[in-house]
Amino acid sequence: MALALGLMSGTSCDGISSALVDFRPRVMRVVGCRTVAYPEPLAQLLRRSRTLTVPHAAQLNILLGEWFAQAALRLLRSTRTPARRVAVIGSHGHTVYHGPRDPIPCTLQLGEPAVIAERTGIPVVADFRMRDLAAGGEGAPLVPCFDQAWFGHGMPRALQNIGGIANVTLVGRTLSPVAFDTGPGNCLIDAVVRRITRGAQSYDRHGAMAQRGRIDQDAIRRLWAHPYFRRAPPKSTGPEVFHESLLNAVFGRRWTSPALTGGTSRGIDVLATVTYFTAYHIAESYRRFLPATIREVIVSGGGAFNRTLMTHLARLLRPVPVHSIARYGLPPQAKEPAAFAYLAWQAIRGRINHLPGTTGASGARLLGTLTPVLPHSAARPLGHLVTLG
Ligand SMILES: Nc1ncnc2c1ncn2[C@@H]1O[C@H](COP(=O)(O)OP(=O)(O)O)[C@@H](O)[C@H]1O
Ligand SMILES: [Mg+2]
């Protein structure tokens, strides 16, 4: 039995998703997983982390390291797993900047691995993106290596992750994997929810609010006119592209409802429309860019919990079946942390954990930097949660 623990903080800034996974030669088992929500001030700080000064970014790196360590320790406690049984932690970190096409290609993930290793006593593999970038790749996407290893041996299937941004990997026995960001995942939905609830809610639980609104087909056409959707893969995007300013351009500024009552206010209609658009752009991007006829769509990420979104997706992709990845034993928000646990587990065994074809790197590399620990080094948990001062 080989236990590896994965940690992920994505563009939604909702919290740290963790998964403890038992990897065997042909099967994996998620022993436990959870998402520890960030307190709202930290979530807000992460959303504007691009604008931090260097001293503040340096502090955030340490603070996030503490949060990641605590997320790992909580998962170990809740699964009653002693740290010494865990071979490695794979920590993605939190991306504060990703600029693979800048004059000097660069990327930056924060969440100091030394702090995670120190608090848990477990070796940490982190900074996966950097090596790919150094080898001429875009630094993303990295999860397709996991998709290919665990889902790539059957019929053509689309693994659709719906986090802040939505991304797809096409895998299948007879195919070379194809992967790209399709467009906005939950980022527009969350932005609308924050706006219409005046910050009281950060997401549309199970899509319940969106279900009540009317879809504005004219706005769908305007959203679909965004040039990103015409670009051919490989391509990637971020919440800085699919952002409040796009909502203002398409819907104007006067849709924030003064009070949320049961009726279908303009705000609820905007939410219904961006929820439908999230499914629409995924289905249309498949038609435009996937080179093979897919036989199944497997959805992961927090978006898999949005029933309205999932219903739209199933209708738009019919007759192709759309399933939550939970069907395969992976809770939706455990998928990405499980993928980084896998990449780390491969790294410490000296096995390739990279699909250069999906990133544009010049060849296959071992991704990640290792922060080792002395054998049997004692874990020294802090015993309390570090909160933002
Ligand atoms: N129960 C739920 N119902 C609807 N949406 C949800 C639910 N749980 C999570 N989400 C959505 O998923 C997002 C987080 O998804 P996640 O996969 O963690 O994305 P990221 O990798 O960008 O952090 C939340 O911001 C929210 O929009
Ligand atoms: Mg998340």
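In this predicted model, strand β7, spanning residues 157-162, pairs with strand β8 in the antiparallel sense, and 6 bridges hold the register between them. One point of that register is easy to find: Gln160 stands opposite Val168 of β8. The connection between the two strands is a hairpin, in which 2 residues lead from β7 to β8.

Following the chain onward, β8 is joined to a further strand, β9 (residues 178-184), again through 6 bridges and again running antiparallel. Here Leu170 has Val178 of β9 as its bridge partner. A hairpin makes this link as well, with 6 residues between β8 and β9. Strand β8 thus has pairings with both β7 and β9, and a reader tracing the chain can use Val168, opposite Gln160, and Leu170, opposite Val178, as landmarks.

How much of β8 is covered? The strand comprises residues 165-171, and 7 of its 7 residues are buried. In a regular strand, side chains alternate between the two faces of the sheet. For β8, one side carries Ile165, Asn167, Thr169 and Val171, while Ala166, Val168 and Leu170 lie on the other, and the residues of both sides are buried.

Strand β9 also contains Thr182. Is this residue buried or exposed? Thr182 has a relative accessible area of 0%, which is under the 20% limit, so it counts as buried. Its side chain is not without a polar partner: a polar contact of 3.0 Å connects it to the side chain of His281.

Attention now turns to ligand 1. Around this ligand are 19 residues, of which Ser12, Gly164, Asp190, His206 and Gln333 come nearest. Sorted by class, the shell consists of 12 polar, 5 charged and 2 nonpolar residues. Two domains contribute to the shell, with at least three residues from each: domain 1 (2-145 + 334-371) and domain 2 (150-329).

Several contacts can be picked out by eye. The side chain of Ser12 places an N or O atom 2.8 Å from an oxygen atom of ligand 1. At Gly302 the backbone takes this part, with a polar atom 2.9 Å from a ligand oxygen. Asn186 offers a polar side-chain atom at 3.4 Å from an oxygen atom of the ligand. Taken alone, ligand 1 would expose 580 Å², and the protein buries 91% of that area.

Technical notes
Residues numbered from 1 in each chain as written. Chains lettered and ligands numbered in written order. Predicted model: local features only at pLDDT ≥ 70, side-chain atom pairs only at ≥ 80, totals over all residues. Heavy atoms only, no water. Near = heavy atom within 4 Å. Polar contact = N/O pair within 3.5 Å; in protein donor to acceptor, adjacent residues only side chain to side chain. Areas by Shrake-Rupley, 256 points an atom, 1.4 Å probe, with all protein chains shown as cover. Nonpolar A, V, L, I, M, F, W, Y, C, P; charged D, E, K, R; others polar. Domains from an automatic or database assignment. Buried < 20%, exposed > 50% of the residue type's maximum accessible area, 1.4 Å probe, protein only. Helix = DSSP H or I, 4+ residues; strand = E, 2+ residues; numbered from the N terminus. Pairing = 2+ DSSP bridges.
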